[in-house]
Amino acid sequence: MALATAEITTSNDFGPAVALSCRECGTRYDLGPTFACIECFGPLEVAYTWNSPDFDGTAPVTREQIAAGPANIWRYRALLPVPVDVGVKPNLAPGWTKLVKVDNLARELGLRSLHVKDDSGNPTHSFKDRVVAIALEAARTFGFHTLSCSSTGNLAGAVTAAAARAGLDACVFIPADLEQPKIVMASVYGGRLVGIQGTYDEVNRFCSELIGDPLGDRWGFVNVNLRPYYAEGSKTLAYEIAEQLGWRVPDQIVIPVASGSQLTKVDKGFKELIRLGLVEDKPYKIFGAQAEGCSPVSAAYKAGRDVVQPVKPDTIAKSLAIGNPADGPYVLDIARRTGGAVEDVTDAEIVDAIRLLARTEGIFGETAGGVTVGVLRKLVDKGLLDPAAETVVLNTGDGLKTLDAVSAEARPTAVIRPSLDAFRTAVVENS
Amino acid sequence: MSVSVRIPTILRTYTDGAAEVKGEGATLRDVLQKLDADFPGIGARILDETGNLRRFVNVYVGEEDVRFIDGLDTVTPDGVQVSVIPAVAGG
């Protein structure tokens, strides 16, 4: 069995990380390839030196040291569960994507200050390269030979690409009805790509069973048995946003919610920067964004519940189509604790928002980006978001991966003969 | 009704390492009660203090997540497979 055969390693392999800790009951475990608490099934997460009650307040790294680091996530390696020499090993070196000041969109929405954190600039064009890079290091440390995952699409491509670069085998699992560009991206890097006849939640269930079977022996499932490490990669979004704003946490941020992992780790990243004195301690609000066709967390938020009832997804935002979001309860906690909210938008609003972002700022986001921008607009309209406050919205993937969403309205303004008269008649006089 | 129960890795210390064990009961509640009688202590890992399924455990009867049907009252037909799986994040 994968869990039994992998060796527990020393904390040196994991930088400042010291243990795995259950988010529910606090039980601690050695750093190993495990993800659920034996006591209560709660998710395990990485605990660091600075989580200790004895922590003396000294940050393990300074702003200047970070700024002198590479233009990728390894500039934050002192804050991540990775070895010191992580930057010299073959990996995709993701991150340090653009934080774009989007004044045209801000004007259109009536906001004073708005930035888009555009993670389509990562090596496989989604934020997943961040989380996979951390999981890859853990896979190496634990001696796994195969990198695997259950995926709604973006993760599959990030895993096969990272495995190719690192020289590991890859075997990834996706719902068989995924968007064609994501299937192409996941298969072009080699490895095995397996389509499962079912929803993402069924793919996830399959992988959970495979992990306890000899068939999955010595496999690192980035979002299952390596999940505690993998999830930490999303903290780098928070670090980068704060550094790119001039070492300042934004007043409010809108984040897409699929499993909810990314949102919880952005919050963890902001809290760490504050605890370590790398940014000023100030309040911030975190808003979650879902598609109406898969909105179990938004529904629970609006109903005032702290339990997330699973749903069967039906939305064009397939990268967010997780009907049984494992971190949903934590998203609710964070939205309520910070004074944010969780909201959802229809498929039509998602398409409108993709086009709005493209038309106003030249950024072509995938459907998940349409969800965040659409929810941003809705939050402003509802008065839930302060238009005078500094706001950041995430675009987590490239629109080229979800062309189907906007292709129905994509056509030439006119098709004409190559003559000035034809141009004048068909285009100039018609606009 | 005789059913098979798939045990996740983290609970196999209760089943001597067995990934699958025999179970019995007309509903999921009965099956879990019998499971706890056969492997003392395992029930409290799956159910919380109030007797409900823990927040981060998913249980399937056949292909269906029981939260979509009748929860612990879900009927367990003869020969069906019951799977206990920790919740994991995606995607």
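Me: Let's start with the domains. What distance separates the centres of domain 1 and domain 2 of chain A?

Reply: Taken over C-alpha atoms, the two centres are 23 Å apart. Please keep in mind that this is a predicted model. Domain 1 of chain A covers 2–58 + 128–230, while domain 2 covers 98–125 + 234–407.

Me: Which parts of domain 1 of chain A touch domain 2 of chain A?

Reply: On the general side, the size of an interface is often given as the accessible area lost when the parts come together. Here we can go by residue contacts instead: 21 residues of domain 1 of chain A meet 25 residues of domain 2 of chain A. Helices H4 (128–142), H5 (154–166), H6 (180–188) and H7 (200–210) of chain A each bring at least two residues to the domain 1 side. By class, that side has nine nonpolar, six polar and six charged residues.

Me: H4 starts at residue 128. What does UniProt list for Lys128(A)?

Reply: An unreviewed UniProt entry lists Lys128(A) as "modified residue: N6-(pyridoxal phosphate)lysine". In the model, Lys128(A) sits in helix H4 of chain A.

Me: Why does Lys128(A) count as buried?

Reply: The idea is to count neighbours: 20 or more other C-beta atoms within 10 Å make a residue buried. Lys128(A) has 35 C-beta neighbours inside 10 Å, so it counts as buried. Leaving aside residues up to four places away in sequence, Lys128(A) touches Asn154(A), Leu155(A) and Ala158(A).

Me: Let me try the same reading on a loop residue. Where is Glu292(A), and is it buried or exposed?

Reply: Look in the loop between strand S11 (285–291) and helix H11 (296–303) of chain A. Glu292(A) is buried because 20 other C-beta atoms lie within 10 Å. Its contacts, beyond residues up to four places away in sequence, are Asp344(A), Val345(A) and Thr346(A). You can also check a longer sequence separation: Glu292(A) and Val371(A) are 79 residues apart along the chain, and their C-alpha atoms are separated by 9.4 Å.

Me: Which residues of helix H12 (residues 328–338) of chain A are buried, and what do they pack against?

Reply: The buried ones are Gly328(A), Pro329(A), Tyr330(A), Val331(A), Leu332(A), Ile334(A) and Ala335(A). They pack against helix H10 (261–275), S11, H11 and strand S12 (342–345) of chain A. Just past the helix, Gly339(A) adopts a positive phi of about 85°.

Me: Now strands, please. Why is strand S13 (residues 390–395) of chain A largely enclosed?

Reply: A general point to begin with: in a regular strand the side chains alternate between the two faces of the sheet. For S13(A), five of its six residues are buried, so the strand is largely enclosed by the rest of the structure. Strand S5 (residues 113–118) of chain A runs parallel to S13(A) and is joined to it by six bridges; there, Lys117(A) has Leu394(A) as its bridge partner. Strand S10 (residues 252–256) of chain A also pairs with S13(A) in the parallel sense, over three bridges, and Ile253(A) is bridged to Val392(A).

Me: Which strands pair with strand S1 (residues 17–22) of chain A?

Reply: S1(A) is antiparallel to strand S3 (residues 44–48) of chain A, with five bridges, and antiparallel to strand S2 (residues 28–29) of chain A, with two bridges. Ser21(A) is a handy residue to click on: its bridge partner in S3(A) is Glu45(A), and its partner in S2(A) is Arg28(A). S1(A) and S2(A) make a hairpin with five residues between them, and Gly26(A) in the turn has a positive phi of about 80°.

Me: How many residues does each chain give to the contact between chain A and chain B?

Reply: Chain B gives 22 residues and chain A gives 36. On the chain B side, strand S3 (57–61) and strand S5 (81–86) each supply at least two residues. That side comprises 12 nonpolar, five polar and five charged residues. For the complex, the predictor gives an ipTM of 0.86 and a pTM of 0.93.

Me: Where in chain A does pLDDT stay under 50?

Reply: As a rule, where pLDDT is low, the predicted coordinates should not be read in detail. In chain A, residues 1–11 stay under 50, and the model has 30 contacts beyond four places in sequence for them. Chain A averages a pLDDT of 93, with 97% of the residues at 70 or above. Chain B averages 92, with 97% of the residues scoring at least 70. Among the elements of chain B, strand S4 (residues 64–65) has the lowest mean pLDDT, 89, and helix H1 (residues 28–38) has the highest, 97.

Technical notes:
Residues numbered from 1 in each chain as written. Chains lettered and ligands numbered in written order. Contact = placed C-beta atoms within 7 Å. Helix = DSSP H or I, 4+ residues; strand = E, 2+ residues; numbered from the N terminus. Nonpolar A, V, L, I, M, F, W, Y, C, P; charged D, E, K, R; others polar. Buried ≥ 20, exposed ≤ 12 C-beta atoms within 10 Å, placed from the backbone. Domains from an automatic or database assignment. Pairing = 2+ DSSP bridges. UniProt positions renumbered as here; feature names shortened; annotations may be inferred. pLDDT = per-residue confidence, 0-100.
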